[in-house]
Amino acid sequence: MRRTLLACLILTVALQAQIPARRKVGFDAISEARLRADLTFLASESMEGRMSLQRGSEAAVEWLVSEYTKIGLKPANGASFLQPMVIIEYTMDRADSKLTLERNGQKTEFALGQGITGSFPNDITLHAPIVFAGFGITAPELGYDDYAGLDARGKIVLVFDHEPQEADPRSRFNGVGNTVYSNSRTKILNAQKHGAVAVLVMREPNSTHPTNQQRAGRVPANPGRIRRLLPETLEDNETKIPLLNVSEEFIKALVTSPNAFADAQKAIDATLKPSRIELGGSAHLRLAVAQRRRATAHNVAGILEGSDPALKSETIIYSAHYDHDGTGSGETYPGADDNGSGTVGVVELARAFMANAEKPKRSILFIVYAAEERGLIGSYYYAAHPLRPLATTRAVINFDMIGRNETASRQTDGLMDIAADTSNELNLIGGIYSPDYQKAVVKENEWVGLKLNDKWDRDAALNIIQRSDQFPFVVRGIPAFWWFTGFHPDYHQTTDTVEKINFAKMRKILRLSYLTGWEFADGGTPKFVANPMPADATR
């Protein structure tokens, strides 16, 4: 074994010596010592956990602007590195928020937090019939449409969580993984498109995975986190109607047949055709906001302009998010891995690219987002208001937690197998939508020697595909990967600290991303595959 490891090390050193000279200066410049110094500062007590719209996150923004200026990047937003966005932070009035189900002359009331869960930034009162819309998915490239033949205009739609056929490895919905259609935001936007006034989400009756609430409950101290991190949303959010999760008690009050929804799911899974249930009920929905604050947050974005006059209008993006969980009960949530590691990684890569005498042909955008922990707010804002055209954005390399060794935790127990030794392992998430991207990373990894794992592309329990800032680009058809070293017991805990970071591994990841980004910026670019069906998919 020692001889094998030594041979691998000798081979890696030999390969690195062959890296083209115009790339090698930046490759060698990536500094473990500098990463440690930067992350020690960003995860320090003085940064107060970098909570969105709080003093610590503003300090992180100031640090990023200072570093971008010293590095010599060009401001991406005219004369500024800052991309401002207006965020609404709010609390719900639970006493005045309720859903009253009306069916067969009977009224059943469900209070917020007792039978229904969710939030909405505006006061709203509505009364409408409830209709069943399967999984709430319209996917023409997959030949699937839950809304076919359904008039949802002016109605409340009830939909299953997740996607059809999640236990079928031959499913056209990415086998046993997820696609973009499992996402709640995607379901809201589709319901809006079909004229619905609200969305109710229920757990699929035949599912084996935890609900989103159960998944969140697997993370220690998460209830306190939810109380501390008030809901936030963009003032000009694309979603205009509310979404609520409903309980089994609500479903029992809605239908007389206990097997109605289980039979509907079986029918959909068997045929991939819409299944209808005549609900015959309506609901009176009242959602009220107790407190509402309007504030400005900032993405921080700098540009390295490409060297080719024809190609410099095209863009490669390196991204991360700088916010974390703030403080609570006198303790700080430092977020060294989540996502101090990604933030300092983006900055270090900017230094690496600027160190080269020659620059790649395409332009590179280095952007660090606001408010990821509150629902990918900064990246959704950028995708809706891009500083560089999305039509000429060729690839996204997104870092979120790239500093640790993945280890088993309550979040993953029973849901995903974690290798015993992940000290040299990197997870890549996004290959189902861009095999070209995956192949490029594998090729460049010959210079670096990491173990690459795509296991999270086959996850249908933890919703990994939709949980970081690459996702808003994937839904817009842009090749975008989440580079991720995995979960660990310190995830969203006060113990996510700098001394637990594997800086040697982190440096290797950044070297690999540097080579991959250079290839995308200077050579071929990956294609996006809108229809990621397995070759033997169920038709």
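Two strands count as paired if DSSP finds at least two bridges between them. That criterion applies to the barrel views below, which show a predicted model.

**Figure 1. Overview of the chain in the predicted model.** The chain holds 14 helices and 22 strands. Its radius of gyration is 24 Å, close to the 24 Å that the globule rule gives for 539 residues, so the chain is as compact as a globular protein of that length. Taken along the principal axes, the C-alpha atoms fill a box of roughly 75 × 50 × 50 Å. Buried residues account for 58% of the 539 residues. Contacts between residues at least 6 apart in sequence were also sorted by separation: 84% of them join residues at least 24 apart.

**Figure 2. The barrel of 8 strands.** The strands close in the order β3-β4-β5-β12-β10-β9-β6-β13. Their pairing is mixed. On average, neighbouring strands of this sheet are turned by 30 degrees against each other, direction ignored. The next three views take up parts of this barrel and the helices against it.

**Figure 3. Strand β3 and its two antiparallel partners, β13 and β4.** Strand β3 covers residues 98-103, and strand β13 covers residues 281-287. These two strands pair over 6 bridges in the antiparallel sense. E102 has S282 of β13 as its bridge partner. Strand β4 (residues 106-112) also runs antiparallel to β3, again with 6 bridges joining the two. Here K98 is bridged to A111 in β4. The hairpin of β3 and β4 has 2 residues between the strands. In that hairpin, N104 takes a positive phi near 50 degrees.

**Figure 4. Strand β9 between β6 and β10 in the barrel order.** Strand β9 is mostly covered: 5 of its 5 residues are buried. Which way do its side chains point? I156, L158 and F160 point one way, while V157 and V159 point the other way. The residues of both groups are buried. Strand β6 pairs with β9 in the parallel sense over 3 bridges. F132 has L158 of β9 as its bridge partner. Strands β9 and β10 also run parallel, joined by 5 bridges. F160 is bridged to M202 in β10.

**Figure 5. Helices α5 and α9 against the barrel strands.** Helix α5 (residues 184-193) lies across β9 (156-160), β10 (198-202) and β12 (243-246). The helix runs at about 145 degrees to β9. Helix α9 (residues 260-271) packs on the sheet as well. It touches β6 (124-132), β9 and β10. The direction of α9 makes about 70 degrees with that of β9. Both β9 and β10 therefore appear in the list for α5 and in the list for α9.

**Figure 6. The packing of helix α2 on helix α10.** Two packed helices are described by the angle between their axes and the distance between the axes. Helix α2 spans residues 21-29, and helix α10 spans residues 336-355. Their angle is about 145 degrees, and their axes are 7 Å apart. The crossing of α2 past α10 is right-handed. On the α2 side, V25, G26 and A29 make the contact. They meet E348, A352 and A355 in α10. By type, the contact residues divide into 4 nonpolar, 1 polar and 1 charged.

**Figure 7. Close-up of A29 in helix α2.** Is A29 buried, exposed or partly exposed? With 25% relative accessibility, A29 counts as partly exposed, since buried means under 20% and exposed over 50%. Leaving out residues up to four places away in sequence, A29 touches R34, E348 and A355. M354 is 325 residues from A29 in sequence. In space, the two are 9.9 Å apart, C-alpha to C-alpha.

**Figure 8. Helix α11, residues 377-384.** How many of the 8 residues of α11 are buried? The count is 7, so the helix is largely enclosed by the rest of the structure. The buried residues are I377, G378, S379, Y380, Y381, Y382 and A383.

Terms used. Residues numbered from 1 in each chain as written. Predicted model: local features only at pLDDT ≥ 70, side-chain atom pairs only at ≥ 80, totals over all residues. Heavy atoms only, no water. Axes fitted to C-alpha atoms, helices over the stretch in contact; angles between N-to-C directions. Helix = DSSP H or I, 4+ residues; strand = E, 2+ residues; numbered from the N terminus. Left-handed = near helix turned anticlockwise from the far one by under 90°. Contact = heavy atoms within 4.5 Å. Nonpolar A, V, L, I, M, F, W, Y, C, P; charged D, E, K, R; others polar. Rg over C-alpha atoms; globule rule 2.2 N^0.38 Å. Buried < 20%, exposed > 50% of the residue type's maximum accessible area, 1.4 Å probe, protein only.
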